[in-house]
Amino acid sequence: MPRPSAAPTGCGATWPARPRWPAPTIPRRAFLGAGIATAAVAAGVVVMHPPLGLWPAPESWQADYRTGTGEQRSLALAPDLTLEMNTRSSIALQAAQGETAGIELIAGEVAVDATRRGRPFTVSAALGRIEALDARFEVRHTDARSVCVRCLEGQVRVTLGAESLALRAAQELVYEGRKPQPVRSLESGERSDWREGVLRFQRTALAQVVDEINRYRPGRVMLLGSGLAGKPVSGRFHIHDLDKALAQIQRLFRLELTALPGGIVILH
């Protein structure tokens with residue numbers, strides 16, 4: 001992997017020496033006002049982008065249900081409707097005629113079992129709408145760009161603006177905004193392992209593995225060194241013992257592991 005080029009330096013410009021003017025005197029009230037404004041801006045940044053995922057982001061405050069880091073939750077929304085929420089997920093219920101007719105997946109990952117429902121159930125995720133009738137399916141929306149829909153049983157329909165696509169069992173669709181990628185057929189035995197309590201990687205870039213571990217593990221794992229990001233990782237790790245996964249990665253690539261308070265781990 002080529003190294004990123006450094007910014008050009010040594011342009012040769014010579015700046016004239018500045019005259020030594022007396023330092024300006026700032027009134028105490030103005031100083032305090034500037035300090036308060038700076039603190040307010042900093043607080044706004046912290047609120048909008050919570051450090052290390054210590055509290056939910058503002059967009060998930062409207063959620064009816066949410067899960068924390070490493071938490072998974074099963075919901076019986078109706079006698080014929082079951083929903084499983086993966087780690088760091090948030091949903092808002094959508095009602096029609098006095099019953100739950102769908103959800104908005106604000107962030108995270110859900111598995112829906114509506115095989116006995118007999119009437120449509122919808123999941124809104126980003127700019128798309130997924131509708132199912134007597135189906136089992138999963139929806140993953142873990143970043144602002146893309147959504148992944150996986151049909152496990154029955155059939156689901158994905159609507160993106162004026163375009164509508166049908167997914168049959170063992171098919172998967174990824175879309176960004178209102179732009180879908182080609183429908184992909186799942187390989188035999190391919191499944192989402194998070195409901196079995198494991199993470200499975202097959203020649204996955206180390207940087208992506210670290211990102212996925214951070215979704216489940218309290219604290220933060222940081223990877224230093226641009227040459228490590230693309231290293232392929234294959235393995236099966238238990239969600240509730242991810243420190244063991246980090247130890248295996250450390251041995252595999254002969255890395256240094258530095259553990260800091262608050263669950264922070266640096267791999268370098």
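Biologist: Why does Arg195 count as partly exposed?

Modeller: Its relative accessibility is 32%. Buried means under 20% relative accessible area, exposed over 50%, and partly exposed in between (1.4 Å probe, protein chains only). Arg195 at 32% therefore counts as partly exposed. This is a predicted model, in which local features need pLDDT of at least 70 and side-chain atom pairs count only at pLDDT 80 or more, while totals for chains, interfaces and linings use all residues. Residues are numbered from 1 along each chain as its sequence is written, and side-chain values use heavy atoms, with hydrogens and water left out.

Biologist: What makes the contact of Arg195 with Glu138 a salt bridge?

Modeller: The term requires a side-chain nitrogen of Lys or Arg within 4 Å of a carboxyl oxygen of Asp or Glu. For Arg195 and Glu138 the N to O distance is 2.8 Å, so the pair satisfies the rule. Arg195 lies in the loop between β14 and β15 and Glu138 in strand β8 (residues 136-141), so the pair ties together parts 57 residues apart in sequence. Strands (E, at least two residues) and helices (H or I, at least four) are DSSP runs, numbered from the N terminus.

Biologist: Is Glu138 buried or exposed?

Modeller: Glu138 has 5% relative accessibility and therefore counts as buried.

Biologist: How do you know that Glu84 also forms a salt bridge with Arg195?

Modeller: The closest N and O atoms of Glu84 and Arg195 are 3.6 Å apart, so this pair meets the criterion too. Glu84 belongs to strand β3 (residues 81-85), so the bridge to the loop of Arg195 links parts 111 residues apart in sequence. Glu84, at 28% relative accessibility, counts as partly exposed.

Biologist: How many salt bridges does the rule give?

Modeller: The count is 16.

Biologist: How do you know that the length of helix α3 agrees with expectation?

Modeller: The expected span is 1.5 Å times one less than the number of residues. For the twelve residues of α3 (residues 242-253) that gives 16 Å, and the end C-alpha atoms are 17 Å apart, which agrees.

Biologist: Which residues of α3 are buried, and why are they placed on the same side of the helix?

Modeller: The buried residues are Leu242, Ala245, Leu246 and Ile249. They cover an arc of only 100° around the axis, so they lie on the same side of α3; the arc is that of the directions from the helix axis to the C-beta atoms. Their packing partners include α2 (206-216) and β17 (232-238), where contact means heavy atoms within 4.5 Å.
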